[in-house]
Amino acid sequence: MFARTAARFALRPCVASPVKARAFNTASRATASLSSRRMATMVTAGVITASALSYAYLQKPVSADSKPIAGVEGTFSERTFIAIKPDGVQRGLVGKIINRFEERGYKLVGLKALVPSKELAEKHYEDLKERPFFGGLVNYMTSGTPVIAMVWEGKDVIKQGRAMIGATNPLQAAPGTIRGQYAISTGRNIIHGSDSYASAEKEIGLWFGAAGELTEWTPANVEWVQSDN
Ligand code: DAT
Ligand code: MG
């Protein structure tokens, strides 16, 4: 039922877990220099309001290291690796692409702009290393324009992400898909998406493998996006 589920979500930030405990410790460290008496004085004086303090606490990014890097397949925690390639960035399509995933109801849990090293690009596309276009593909990915690397989370996000992206050859991509709307060339098809759970695990590990790079958070509208009633 809605009310019961809403209560469950509302209570989530308070649930004790090693991850939350780490976030709490970080928040504690940030304010450790202020004695609790001085803090109370500041709150009373209106320098810091109690709600601002809890807001700051809730906004702390929380490492998601405690669950599998690609989430749990088939659940709302499933994750995929999506990258806007250099041509998508040069063509000013970053906002439009992010918007599609956001509006669909998926959750952004990792995001960064980087020019990948040759080693990273080669590892990412290692299954294509025997193909004649491999060298050109790696050069284009590492040419100096950033790649926008992202991790999106939500039910069936790996398969749905691929469907939203469309066919590898944009000329075969359905018109409503990202490639079908914005691209006409296989070598400049603007976006990458993991094609299976195993690929998502590998790719998220490659691009976001360091501890603390992904965040775990609960969108305020979660009850309006995720429910089987
Ligand atoms: P996808 O990106 O749809 O997963 P893929 O894994 O087969 O497709 O290939 C990775 C990328 O390599 C693709 O997005 C663009 C490039 N590529 C694939 N086939 C190509 C071809 N025949 N000519 C040029 N580039 C190609
Ligand atoms: Mg692929």
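How many nonpolar, polar and charged residues does the lining of the second largest pocket have? By class, 5 are nonpolar, 9 polar and 10 charged. Here Ala, Val, Leu, Ile, Met, Phe, Trp, Tyr, Cys and Pro count as nonpolar; Asp, Glu, Lys and Arg are charged; the others, Gly among them, are polar.

This is a predicted model, where local features need pLDDT of at least 70, side-chain atom pairs count only at pLDDT 80 or more, and totals for chains, interfaces and linings use all residues. Residues are numbered from 1 along each chain as its sequence is written, and side-chain values use heavy atoms, without hydrogens and water.

A pocket is an open set of points on a 1 Å grid over the protein atoms alone, where a 1.4 Å probe fits, with protein on both sides within 12 Å along at least five of seven lines; lining residues have an atom within 4 Å of a point. Lining this pocket are 24 residues. Tyr 125, Leu 128, Leu 137, Thr 168 and His 192 lie nearest its centre.

Ligand 1 takes up this space (more than half of its atoms lie within 2 Å of the grid points). Its shell (residues with a heavy atom within 4 Å) includes Phe 133, Thr 186 and Asn 189. The shell divides into 4 nonpolar, 3 polar and 3 charged residues.

Three side chains place an N or O atom at these distances from an oxygen atom of ligand 1.

| Residue | Distance |
|---|---|
| Lys 85 | 2.9 Å |
| Arg 162 | 2.8 Å |
| Arg 179 | 3.0 Å |

Technical notes:
Chains are lettered from A and ligands numbered from 1 in the order in which they are written. A polar contact is a pair of N or O atoms within 3.5 Å; within protein, one must be able to donate a hydrogen and the other to accept it, and residues adjacent in sequence count only if both atoms are side-chain atoms.
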